[in-house]
Amino acid sequence: MDSIVITVRTGSRPSVSDITAACADFTRDKGDGLLHVFAPHATAGIAIIETGAGSDDDLLTALDDVLPTDDRWRHRHGSRGHGRDHVMPAFVAPYASLPVLGGQIALGTWQSICLVDPNGDNPTRSVRLSFLAG
């Protein structure tokens with residue numbers, strides 16, 4: 001298995017960061033296999049969604065609707081509502097596995113690989129990319 005860690009700057013507010021290009025660079029010339037994308041953080045996830053047409057903002061809005069940043073959470077360190085950030089990975093898993101064919105990730109036309117980070121308390125994240133040859 002081949003594996004690397006990339007660094008993603010997510011900033012100081014909730015974000016959806018498209019990491020498709022970094023994933024494609026990693027799998028280029030690797031042949032057939034599986035790409036595993038993993039966010040080793042308690043408050044981040046990996047989503048396969050369309051970006052650039054508002055879906056990324058819609059995802060953050062939906063997360064706010066389902067998991068509001070208020071004082072209902074028992075986990076209370078960090079900024080207000082931070083407890084919801086620790087629940088979010090149950091809704092947006094911290095990993096995704098994707099087929100790679102001939103070195104290219106087999107994504108649909110409008111699909112992108114995105115790091116979802118609702119936690120503005122940590123402006124830089126790591127993502128582990130692993131390739132398992134077929």
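This report describes the sheets, helices and nonpolar cores of a predicted model.

## The three-stranded sheet

One of the sheets is open and consists of three strands, arranged in the order β2-β7-β4 with antiparallel pairing. Because β2 (15–18) and β4 (45–49) each have a single partner strand, they stand at the edges of this sheet, and one side of each is left without a neighbour in it. From one strand to the next, the twist averages 35 degrees.

The pairing of β2 with strand β7 (residues 112–117) is antiparallel and extends over four bridges. Within this pairing, Asp18 has Cys114 of β7 as its bridge partner.

## The five-stranded sheet

An open sheet of five strands is also present, and its order is β1-β8-β3-β5-β6, again with antiparallel pairing. Here the edges are taken by β1 (2–9) and β6 (104–105), each of which has a single partner strand, so that one side of each is left without a neighbour in the sheet.

Strand β1 runs antiparallel to strand β8 (residues 124–133), and the two are joined by eight bridges. The bridge partner of Val5 in β8 is Arg128.

## Helix α1 and the residue that follows

Helix α1 (residues 20–27) lies across β1, β3 (33–38), β5 (95–101), β6 and β8, and runs at about 35 degrees to β8. The helix has Thr20, Cys23, Phe26 and Thr27 as its buried residues. Around the axis these residues cover an arc of only 125 degrees, which puts them on the same side of α1.

Just after α1, Asp29 takes a positive phi of about 70 degrees, a positive value in a residue other than glycine. Asp29 is placed in the loop between α1 and β3, and because its relative accessibility is 74%, where the cut-off for exposure is over 50%, Asp29 counts as exposed.

## Helix α2 and its two sides

Helix α2 (residues 55–66) has 12 residues, which at 1.5 Å a residue should span 16 Å; the C-alpha atoms at its ends are 16 Å apart, in agreement with that expectation. Its buried residues are Asp56, Leu59, Leu60 and Leu63. Seen down the axis of α2, these residues fall within an arc of 95 degrees, and they therefore line one face of the helix.

The elements that cover the buried residues of α2 include β2, β4, α3 (83–87) and β7; three of these, β2, β4 and β7, are the strands of the three-stranded sheet. On the other side of α2, by contrast, Asp57, Asp58 and Asp65 are exposed.

## Nonpolar cores

The largest nonpolar core comprises 19 residues, and those with the most contacts inside it are Leu35, Val37, Ile113 and Val127. Two or more residues are given to this core by each of β1, α1, β3, β5, β7 and β8. Among these contributors, β1, β3, β5 and β8 are strands of the five-stranded sheet, while β7 is a strand of the three-stranded sheet.

A second core, separate from the largest one, has 12 residues, including Val16, Ile49, Leu63 and Trp73. Of these, Leu63 is also one of the buried residues of α2, while Val16 falls within the range of β2 (15–18) and Ile49 within that of β4 (45–49).

Technical notes. Residues are numbered from 1 along each chain as its sequence is written. This is a predicted model: local features need pLDDT of at least 70, side-chain atom pairs count only at pLDDT 80 or more; totals for chains, interfaces and linings use all residues. Side-chain values use heavy atoms; hydrogens and water are left out. Two strands pair if DSSP finds at least two bridges between them. Axes are lines fitted to C-alpha atoms, for helices over the stretch in contact, and angles run from 0 to 180 degrees between N-to-C directions. Contact means heavy atoms within 4.5 Å. The expected span of a helix is 1.5 Å times one less than its number of residues. Buried means under 20% relative accessible area, exposed over 50%, partly exposed in between (1.4 Å probe, protein chains only). The arc is that of the directions from the helix axis to the C-beta atoms. A nonpolar core is a set of buried Ala, Val, Leu, Ile, Met, Phe, Trp, Tyr and Cys residues joined through side-chain atoms within 4.5 Å.
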